[in-house]
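User: I would like a close look at one part of this protein, the first helix and its surroundings, set against the rest of the chain. Please take it step by step.

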Amino acid sequence: MSGNEAIARGAYEAGVGVACGYPGTPSTEIIERMKTFDGVYVEWSPNEKVAFEVALGAAIAGVRALVAMKHVGLNVAADPLFTAAYTGVNAGLVIVSADDPGMHSSQNEQDNRHYAKFAKIPMLEPSDSQEAKDFIGLALDISERFDTPVMLRTTTRVSHSSGIVLLGPPRARLRLAYKKAPPKYVMVPGNARLRRMEVEARQRAVAEFAESFSQNVIEWNGARVGIVASGVAYQYAREILGKNASYLKIAMTHPIPGGMVREFASRVERLYVVEELDPFLEEQIRAMGLTVTGKACLPATGELTPEIVRRALTEEGVLPGSMERAAESAEERAAEGAREGLREGAREGAGEGAGEGEAGNAPERAADRIALAPPAVSDEASMVESGETSEVVSVPARPPVMCPGCPHRGAFYVLKKMKTIATGDIGCYTLGASPPLSALDTTICMGASIGNAIGFSAAASVAGEPQAQATAGLTESGGLEPDGIRALASGHAPRKPVAVIGDSTFVHSGVTGLIDAVYNQAQIVVLIMDNGTTAMTGHQDHPATGVTARGSRTHKLSLEALSRACGVDLVAVIDPYDLASMERALRQAMDAPGPAVVIARRPCVLLPGAKPRRRYRVARERCNACRVCLGLGCPSIELCDGRPVIIEGSCVGCGVCAQICAHDAITLREAGEDRE
């Protein structure tokens, strides 16, 4: 098997249920092979970002997932990758990054091991086809054990070289229960700050695990030379040196087993790192204070080959029989160093006179720079000097809420009422995740809502079981247990996941997700909340507003025409202030086969002229204090003596509260009517 074929086989044996990717050499054959296995949802996605979001959605839904791409593809998928490191997963998620040293079929050469370190996720590197198969299962186990995506990095020679692979029986497909958990999966700042701490704690736990990870191994052949290597570079070193060196073969290259490296280094006379591309391991070993040789003798560019490794280690005198040449080389380097020292001394001597003035001026310039810097005085010292006293003031928490009259509020109220899974996106509408609406299940990055919803839908399709009533699987928190997830499998199920996305974000990167939904006939509803602006950042325009950054009129992108052009058959446009129309449109979209789009169009209430300019009141004689209206989370509704009242000064008259009051206690305020 080639490494890519082995990866696919390993995923199948490990119970992967969803596999996504975008073709790119040297990774393409992974998905090509995955599609040959029964019972696995497999898709080509429109790009790597969408592929990642689909796989992440499936993993959160409880099904093991794999996403494959070439190295530059991870640049495209970096946005969801970094946030996925925060949210973690539910079922295992493995990201295969196939690097291309030497640029056999790529526009650049990059070492994606840095991505694992950057995103703070574990990374495994197989060195042959057998390990490529085995490491997929290990990566998924690690993913679930530490609740994190895991990266499996290959290079061209591992991806495309073939070797004998021992196969195993496929395990029963794993399906973990999904439980709605906004603090974990909705990355608004308040949640993300807490998850950031989780990431660091996980890093420490994985680093400790790496010390005993069974695939990080030492092959002891004596103390003269120690080789630290990973991936195919280990095979090259092993092929060239055989038993003439000891080896620390690192399978988990992030985080590296620091204690193991120190122990190995302490037992050998000379320590080398053999690795392709960047000095990724070498720099970390140097940071431990250890003496090691790597890129001083091996190239940092291009693909390594056994011959390149042989030549480098021969020049270092590592190979038997090369000691004389090494000694000669050492003598030559010493002689060259001596000559260079003489030249340097001559330059310094020649510069003594000319540099005298420079030397004399240098401290003065430094003093000038210091004088220009403002004095470092702490705030506390400054307050003491001025006679002020510091005092810690405790203020009530003021969580962000949607504005009075926000057109998103009614949509979220309906979504909550329908108890469907709703994947969110970046914008004002992330506030729909907060109580009392609590309508969102995920928020990952710009445009991710649609891919995540596809992932939920894909996870549901894996089971292949008969449709069930989703309500039977509802958890107390509103999430869906496995039976409920399976109910999403049919396009006619009443609980299609709904992807919530704003107009600006849809243009930003949501449209590729919609293309994917149509291409792969995902059973989802896309709810575009079109408020005619980029509201959260201060009302910037975008292509669907028809106005440029300078305020000039230009071509206005039609969201409904764009949706139809993508292939969506059912596109409905409704007013989100009209709750009955909203619910009716969503139910029709859920009943329709394939993906459907509902556009909830109403301008942001903060835009000029957008406010309805009406006022509502609570007729106290009709109100029975059921407090259903408080479920909207509208800042204009407060409790007074145990009964809700509407604050006249902030009510803009959207009328949503009046629609949900079962007792007709909320009515329009008449002109000149007394304030409450």
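Analyst: What follows begins with the whole protein, turns to the first helix and what covers it, and then visits some loops and one helix pair.

The model is predicted, and in it the protein has 24 helices and 21 strands. Of its 676 residues, 54% count as buried, while the accessible surface comes to about 29100 Å², with 53% of that area belonging to carbon and sulfur atoms. Among contacts with a separation of 6 or more, 75% are between residues 24 or more positions apart.

Helix H1 covers residues 3–13, and because 10 of its 11 residues are buried, the helix is largely enclosed by the rest of the structure. The buried residues are Gly3, Asn4, Ala6, Ile7, Ala8, Arg9, Gly10, Ala11, Tyr12 and Glu13. Their cover includes helices H2 (29–34), H7 (129–146) and H8 (156–160), together with strands E3 (65–70), E4 (93–99) and E6 (150–155). Just after H1, Gly15 takes a positive phi of about 85°.

Two of the loops that adjoin these covering elements hold backbone values worth a careful look. Most residues other than glycine have a negative phi, and most peptide bonds are trans. Met103, in the loop between E4 and helix H6 (113–119), has a positive phi near 55°, and Met103 is partly exposed, with a relative accessible area of 38%. Asp147, which sits in the loop between H7 and E6, likewise has a positive phi, of about 55°, without being a glycine; its relative accessible area is 21%, so Asp147 counts as partly exposed, the cut-off for buried being under 20%.

Elsewhere in the chain, the peptide bond from His254 to Pro255 is cis, with omega near -10°, and Pro255 lies in the loop between strand E10 (252–254) and helix H12 (258–266). The bond from Pro435 to Pro436 is also cis, with omega near 5°, and Pro436 belongs to the loop between strand E12 (422–424) and strand E13 (442–443).

For a helix pair outside the surroundings of H1, consider H11 (residues 231–241) and H14 (residues 306–315), which pack at an angle of about 60° with their axes 9 Å apart. The two helices are therefore oblique to each other, and H11 passes H14 in a right-handed crossing. On the H11 side, Tyr236, Ala237, Glu239, Ile240 and Leu241 take part, meeting Pro306, Val309, Arg310 and Leu313 of H14. By class, this contact has 7 nonpolar, no polar and 2 charged residues.

Technical notes. Residues numbered from 1 in each chain as written. Predicted model: local features only at pLDDT ≥ 70, side-chain atom pairs only at ≥ 80, totals over all residues. Heavy atoms only, no water. Axes fitted to C-alpha atoms, helices over the stretch in contact; angles between N-to-C directions. Helix = DSSP H or I, 4+ residues; strand = E, 2+ residues; numbered from the N terminus. Parallel < 35°, antiparallel > 145°, perpendicular 65-115°, else oblique. Left-handed = near helix turned anticlockwise from the far one by under 90°. Contact = heavy atoms within 4.5 Å. Nonpolar A, V, L, I, M, F, W, Y, C, P; charged D, E, K, R; others polar. Buried < 20%, exposed > 50% of the residue type's maximum accessible area, 1.4 Å probe, protein only. Areas by Shrake-Rupley, 256 points an atom, 1.4 Å probe, with all protein chains shown as cover.
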